[in-house]
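Trainee: I should like a close look at one part of this model, namely the largest pocket and its surroundings. Please describe that part in one connected account.

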Amino acid sequence: IVFMVTTFQKSVYEACSRIPRGKVTTYASLAKSISCKSPRAVGQALKKNPFAPKVPCHRVVKTDRSLGGFYGQVEGPEVVRKRSLLQGEGVRFDGNGKIMMEDVMEL
């Protein structure tokens, strides 16, 4: 199978691949790391990620440390799956369902 990936998507996927297991980063931090002014554009690229889980798009969350979307969904089973994947990697959540600050990293 051949995937058509734009130069922008490639840069997003390469940056995302640097997020280690047990950590997350934000859409804004990932965007800044590739000199992109649009966290939303990063989210759109990740929504189309054909390389998951090798490119761990589940490790990118909103700036407020809430989960954000997963596979184009912002609620429902895919978001539950994102949380489960992160918990399985050791990412911790506070009582409000937000990721603990210690588990968030800048790229």
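Mentor: The account below begins with the pocket and moves on to the helices, the cysteines and the loops.

The model is predicted, so local features are given only at pLDDT of at least 70 and side-chain atom pairs only at pLDDT 80 or more, whereas totals for chains, interfaces and linings use all residues. Numbering runs from 1 along each chain as its sequence is written, and side-chain values rest on heavy atoms, without hydrogens or water.

The largest pocket (an open set of 1 Å grid points over the protein atoms alone where a 1.4 Å probe fits, with protein on both sides within 12 Å along at least five of seven lines) has a volume of about 470 Å³, taken as the space filled by probe spheres set on the points. Its lining (residues with an atom within 4 Å of a point) comprises 19 residues, of which Tyr 27, Gly 43, Gly 68, Gly 69 and Val 74 are the closest to the centre. Two elements each give two or more residues to this lining, helix H2 (27–33) and helix H3 (39–47); helices (H or I, at least four residues) and strands (E, at least two) are DSSP runs numbered from the N terminus. Helix H3 gives the most, with six residues.

Since H3 contributes so to the pocket, its packing comes next. Val 42, Gly 43, Ala 45 and Leu 46 are the buried residues of H3 (buried is under 20% relative accessible area, exposed over 50%, partly exposed in between, with a 1.4 Å probe and protein chains only). They lie on the same side of H3, because they cover an arc of only 160 degrees around its axis, the arc being that of the directions from the axis to the C-beta atoms. Gly 43 is thus both one of these buried residues and among the residues closest to the pocket centre. The cover over the buried residues of H3 includes H1, H2 and strand S2.

Helix H1 (residues 7–16) has its own buried set, Gln 9, Val 12, Tyr 13, Ala 15 and Cys 16. These residues cover an arc of only 165 degrees and therefore share the same side of H1. Their cover includes H2, H3 and S2 (60–61). Gln 9 in H1 is buried because its relative accessibility is 11%. Apart from neighbours within four places in sequence, Gln 9 is in contact (heavy atoms within 4.5 Å) with Met 4, Ala 45 and Lys 48. Of these partners, Ala 45 belongs to the buried residues of H3.

As to the cysteines, the count of disulfides (pairs of cysteine sulfur atoms within 2.5 Å) is zero. Cys 36 is in no disulfide, as the nearest cysteine sulfur, that of Cys 16, is 14 Å away; Cys 36 is buried at 17% relative accessibility. The sulfur of Cys 57 also has Cys 16 as its closest cysteine sulfur, at 6.1 Å, which is too far for a bond. Cys 57 is buried as well, at 10% relative accessibility.

The loops remain. Between H3 and S2 lies Pro 53, joined to Ala 52 by a cis peptide bond with omega about 5 degrees. The loop between S2 and helix H4 (77–88) holds Arg 65, whose phi is positive, near 75 degrees, although Arg 65 is not a glycine. Tyr 71 is also placed in the loop between S2 and H4. Tyr 71 has a positive phi of about 55 degrees, again without being a glycine, and is partly exposed at 37% relative accessible area. Finally, Val 2, in the segment before H1, is exposed at 73%. Val 2 and Pro 50 are 48 residues apart in sequence but 9.9 Å apart in space, C-alpha to C-alpha.
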